[in-house]
Amino acid sequence: MSQPEIAASRLKSWLMFRSGPRAGTRLPIPDGTMRVGRAPDNDAVIDGADAATVSLYHLEISRTESSWRVRDLGSTNGTWINGERITEIEIVPPAAIQLGSQGPEIAVVLEDAAPIELDRTVEISKISIPQPPPGGTSSAAAHEGMLSDAVTRARDLRAHGLRGETMTIMREVIEHALRHSHRRHRAVVFCFLAALVAVSSLGIWQIIALNKEKRTIDAHIHQLEADLQKASESADADRLLSRLDDYEGQAESLQRRLLFRLGGSHEDSDFVTRELRSLMAEFGAEVYSIPPDFIDRVNHYIEQDQGPDRPIVARALSEAGGQIHTIRRILQEEELPPDLAYIPIVESALTASSASAAGAVGPWQFTAPTAKAYGLRVDNEVDERKDLVKSTRASCKYLRDLILDFGSGSSVMLALAAYNSGAGTVKQAVTRTVRDPIKQRNFWYLYRARALPLETREYVPKVFAAILIGRTPDHFGF
């Protein structure tokens, strides 16, 4: 073994988060393997807004005595090092790794002396609190440093799923401060700590009140969603939708409050709902409450893809996997959501020769007039609708026009609706039932108000079912 390798083997290696709310946090890389992804059983869990491009099990880092290897675990958006997508590669720390071409960054770094290991085996009672330096530093500055360190540690523990330890850490701070305070300063320290405990207690009670308020709002939203399912007249639906909009506004305002973000409860939802929320964030179509019937329809089509349509989906994900990769690459080049690559599974099962009764042909199911309008050659000699690359380029132009046509917000969702039945059909259906021009561009309002054609209401959740399976095939048994 060379001298550099011997030196490296003596150093601890760490996985450092370089982006998102946990930027700067480090986790020790054990001998063996360390898995990274969105699933809670990973060694390093990527969650929150950063998780949009991260797969359940995204990559694996292997550590031997003197080397480190990174292996992609078949992730949807790939693992990137130095701007290149990798499958498996040996790295030399420090090395930056990106989860998806536009995703969060992590790094493998070396250090022979590292801070406390913030993993789930941390013992709260042994948390080390920095000693005030001898001389030259006032008691106030030392206490401020101890308090700042305690707050930082509490946040780090919460980030790793250890909750309810704040008061334990504060007790450590109190005991430490008293042990290292001169007799004449102890009265000041007691006042300071009494104020700290009072503020902490007030914050806890406010957090409890905020959580109770959220549960109340959620109950109202749940009831309104149920009432909307039964509403028969448009006037009743409009009244219910107006109230629902008010409650969602209250909930979103509550979530923006600092205390709620620090200590608010975040009830676990089912896997499909969590994945839909992640997708909506990626598509810019976030909503506080996704309509329950939309989720039900997505689950219905997932079950259909796992059952009667399983051979079609399995073929698309395995034999035609290279085609999906090509489509994703083109969508990324055109700066469109790469997960739209699963539309052709719904349209044609990725079969170039597929033709509909309406004369639509190819993987993207273009009619001849639309294909010609977007630059494809369709005549007796050549039909470029069957060409995967050319038809995908044309589809990108078409989707971009639809997105721009329907404006901001949930425009990707409306573009999907229009891809199915045409922009004109969607607009006519909307203007017949909705007068408000703002609401005419809000997919979720239109979906709840049943303003969209029935076929389109079914098409959108069907596409999302294909996207969810495509993003996490292992979870759905593919």
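**Helices, a sheet and some buried contacts in a predicted model**

T326 sits in helix 10, which covers residues 321-333. This is a predicted model, and T326 makes a handy place to start reading it. Going by C-alpha atoms, T326 and A341 are 8.8 Å apart in space, with their positions 15 residues apart in sequence. Once neighbours within four places in sequence are set aside, T326 is in contact with L388 and V389.

Stepping back to the whole molecule, the protein chain has 17 helices and eleven strands. It runs to 478 residues, and 44% of them count as buried. Looking at contacts with a separation of 6 or more, 57% come from residues 24 or more positions apart. The protein chain exposes about 24300 Å², and 52% of that is supplied by carbon and sulfur atoms.

Helix 7 is worth a closer look. It takes in residues 271-283, and at 1.5 Å a residue its 13 residues should span 18 Å; the C-alpha atoms at its ends are 18 Å apart, so the model agrees with the expected span. At the start of the helix, a side-chain oxygen of D270 comes to within 3.2 Å of the backbone nitrogen of V272. Just past the other end, G284 takes a positive phi of about 75 degrees. The buried residues of helix 7 are F271, V272, T273, E275, L276, S278, L279, M280 and F283. As a rule, an α-helix has 3.6 residues a turn, so residues three or four places apart point the same way. What covers the buried residues of helix 7 includes helix 8 (292-306), helix 14, helix 16 (443-448) and helix 17 (454-471).

Helix 14, one of the elements in that cover, spans residues 411-421 and holds L416. With a relative accessible area of 1%, L416 falls under the 20% cut-off and therefore counts as buried. Leaving out residues up to four places away in sequence, L416 touches L340, I343, Y459, V460, V463 and F464. One of these partners, L340, is 76 residues from L416 along the chain, yet their C-alpha atoms are separated by 9.1 Å.

A polar side chain turns up under cover as well. E225 belongs to helix 4, residues 186-230, and its relative accessible area is 4%, so E225 is buried too. The side chains of E225 and S289 are joined by a polar contact of 3.2 Å. Apart from neighbours within four places in sequence, the residues in contact with E225 are L244, S289, I290, P291, P292 and R448. Of these, R448 falls in helix 16 (443-448), which also helps to cover the buried residues of helix 7.

The strands tell their own story. Five of them form an open sheet in the order 4-3-5-6-9, and the pairing is mixed. Strand 4 (44-45) and strand 9 (88-91) are the edge strands, each pairing on one side only. Strand 9 pairs with strand 6 (residues 68-72) in the antiparallel sense, over four bridges. Within this pairing, V70 has I89 of strand 9 as its bridge partner.

Conventions. Residues are numbered from 1 along each chain as its sequence is written. This is a predicted model: local features need pLDDT of at least 70, side-chain atom pairs count only at pLDDT 80 or more; totals for chains, interfaces and linings use all residues. Side-chain values use heavy atoms; hydrogens and water are left out. Helices (H or I, at least four residues) and strands (E, at least two) are DSSP runs, numbered from the N terminus. Contact means heavy atoms within 4.5 Å. Buried means under 20% relative accessible area, exposed over 50%, partly exposed in between (1.4 Å probe, protein chains only). The expected span of a helix is 1.5 Å times one less than its number of residues. A polar contact is a pair of N or O atoms within 3.5 Å; within protein, one must be able to donate a hydrogen and the other to accept it, and residues adjacent in sequence count only if both atoms are side-chain atoms. Two strands pair if DSSP finds at least two bridges between them. Accessible areas come from the Shrake-Rupley method with a 1.4 Å probe; for residues, only the protein chains shown count as cover.
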